[in-house]
Amino acid sequence: MSYIHPKSDVDECSIGEGTNIWQFVVVMKGAIIGSDCNICANSLIEGNVKIGNRVTVKSGVSLWDGIIVENDVFIGPNATFTNDLFPRSKKHLESHPSTIIEQGASIGANSTIVCGNIIGKHAFIAAGSVVTKDVPDYCLVAGVPAKCMGWVSEHGSKLTFKENKAICKISGDEYYLSSNKVAKK
């Protein structure tokens, strides 16, 4: 059973089983939100947004048209997403560039994600970063603009590669680095 706080404004949309939508959240007509999600207070989700299962959207996040959030994503408080590369007052786009946050990625608090980019699987965006280009799978990025600072496991543990092999300190899983790309064994 899903929970929608009485002080939220949820239009006709699809909300999966077990999802919680807290106070002062606005969800516009047509939005798709998966199962077991947690949409925290003071967030906004426009109608052409798709959110997968087990996603956490912390307070103060606005998800604009064209954003796709895959399963198991964490979006930290006050993360900012754009949906127009050349914004002008009273000039509206016919369609918005897609921004895709792939499975298991984490977006740190107060980060800015410029539209049209893909955040790779299990990537980790450090708090306060400004993402201006695609982020590879398992990549840890930080800074303004965000740059690759290393690699993380599916558990978020920093990976230290020796001879292109690393072991996750949490799970013991093996990861391999080749041509500046990381893959799990």
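In the predicted model, Val 141 of the protein chain stands opposite Cys 148 in strand 22. This pair belongs to the contact between strand 21 and strand 22 (residues 147-152), which run antiparallel and are joined by 4 bridges. The two strands form a hairpin with 4 residues between them, and within this hairpin Gly 143 adopts a positive phi near 105 degrees. Pro 145 also lies in the loop between strand 21 and strand 22. The peptide bond that leads from Val 144 to Pro 145 is cis, its omega being near -10 degrees.

Strand 21 (residues 139-142) has a further partner in strand 19 (residues 124-125), to which it is joined by 2 bridges in a parallel arrangement. Here Val 141 is again involved, since Ile 125 stands opposite Val 141 in strand 21. In a regular strand, side chains alternate between the two faces of the sheet. In strand 21, Cys 139 and Val 141 point one way, whereas Leu 140 and Ala 142 point the other way. All of these residues are buried.

The protein chain as a whole contains 26 strands and 0 helices. Strands of a sheet pair through backbone hydrogen bonds, in either a parallel or an antiparallel manner. One open sheet comprises 3 strands in the order 14-17-20, with parallel pairing. Strand 14 (80-81) and strand 20 (130-131) occupy the edges of this sheet; each has a single partner strand, so one side of each remains without a neighbour in the sheet. Strand 14 pairs with strand 17 (residues 112-113) in the parallel sense over 2 bridges, and Thr 80 stands opposite Thr 112 in strand 17.

With regard to overall dimensions, the C-alpha trace spans about 55 × 40 × 25 Å along its principal axes. The radius of gyration of the protein chain is 17 Å, which agrees with the value near 16 Å for a compact globule of 185 residues. Of the 185 residues, 41% count as buried. The accessible surface comes to about 9,800 Å², and carbon and sulfur atoms contribute 51% of it. Among contacts with a separation of 6 or more, 15% are between residues 24 or more positions apart. The protein chain carries 18 positive and 18 negative side chains, and the centres of these two sets lie 8 Å apart.

Several loop residues were examined individually. Asp 72 is located in the loop between strand 12 (67-69) and strand 13 (74-75). Its phi is near 65 degrees, a positive value in a residue other than glycine. With a relative accessibility of 31%, Asp 72 counts as partly exposed. Lys 90, in the loop between strand 14 and strand 15 (99-101), likewise has a positive phi, of about 65 degrees, although it is not a glycine. Lys 90 is exposed, its relative accessible area being 73%.

Ile 170 is placed in the loop between strand 24 (165-167) and strand 25 (174-178). Ile 170 counts as exposed because its relative accessibility is 55%, the cut-off for this class being over 50%. When neighbours within four places in sequence are left aside, Ile 170 is in contact with His 155 and Ser 157. The C-alpha atoms of Ile 170 and Glu 154 are separated by 9.6 Å, the two residues being 16 residues apart along the chain.

Technical notes:
Residues numbered from 1 in each chain as written. Predicted model: local features only at pLDDT ≥ 70, side-chain atom pairs only at ≥ 80, totals over all residues. Heavy atoms only, no water. Rg over C-alpha atoms; globule rule 2.2 N^0.38 Å. Buried < 20%, exposed > 50% of the residue type's maximum accessible area, 1.4 Å probe, protein only. Contact = heavy atoms within 4.5 Å. Areas by Shrake-Rupley, 256 points an atom, 1.4 Å probe, with all protein chains shown as cover. Lys, Arg positive; Asp, Glu negative; His and termini not counted. Charge placed at Lys NZ, Arg CZ, Asp CG, Glu CD. Pairing = 2+ DSSP bridges.
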